[in-house]
Amino acid sequence: MTRGLAARAAIPAQQLVDAPYSWLGSEPATGAPKLYAAVGARWTEADAARLPAAVARPKGARRHTYDLSRYGLTRDAVESAFAGYNALRAEVDRA
């Protein structure tokens, strides 16, 4: 995570697009067009028509669940490793 954030810091800001999770997570119908616009792509009616199927959860699907101990990890270790990323994500989500 540290290397990833350092690499990101070396990229000129005008070449990055920070998309709040809400753009696609909770508001995909308005967020997907915003994301397309942010990267200079054109959102079309065909894209809009495909969106409901792309975000629909298959019937009967169960969420994946993972136990950190399976990988020799603790919650504190994961939170520490992702602290910088989580701070960046929170900043983006506030925007």
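User: Before we start, what counts as a helix here, and which helix holds D47?

Analyst: Happy to help! Helices are DSSP runs of H or I with at least four residues, numbered from the N terminus. This is a predicted model, and in it D47 falls within residues 45-55. That stretch is helix 4.

User: Is D47 buried or exposed?

Analyst: A residue counts as buried when its relative accessible area is under 20%. D47 has a value of 10%, so it is on the low side of that cut-off and is buried.

User: Which residues does D47 touch, leaving aside those up to four places away in sequence?

Analyst: A contact here means heavy atoms within 4.5 Å. With residues up to four places away in sequence set aside, the partners of D47 are Y36 and R42.

User: What pattern does the protein follow along the sequence?

Analyst: Let's begin with the elements themselves: the protein has six helices and zero strands. Read along the sequence, that gives α-α-α-α-α-α.

User: What is the radius of gyration of the protein, and what would a compact globule have?

Analyst: The C-alpha atoms fill a box of roughly 45 × 45 × 20 Å along the principal axes. A compact globule of 95 residues would have a radius of gyration near 12 Å. For the protein, the value is 17 Å.

User: How far apart do the centres of the positive and negative side chains lie?

Analyst: Two sets are involved, with 13 positive and 9 negative side chains in the protein. The distance between their centres is 6 Å.

Technical notes
Residues are numbered from 1 along each chain as its sequence is written. This is a predicted model: local features need pLDDT of at least 70, side-chain atom pairs count only at pLDDT 80 or more; totals for chains, interfaces and linings use all residues. Side-chain values use heavy atoms; hydrogens and water are left out. Helices (H or I, at least four residues) and strands (E, at least two) are DSSP runs, numbered from the N terminus. Buried means under 20% relative accessible area, exposed over 50%, partly exposed in between (1.4 Å probe, protein chains only). The radius of gyration is taken over C-alpha atoms; the globule rule is 2.2 Å times the number of residues to the power 0.38. Lys and Arg count as positive and Asp and Glu as negative; His and the chain ends are not counted. The place of a charge is taken as NZ of Lys, CZ of Arg, CG of Asp or CD of Glu.
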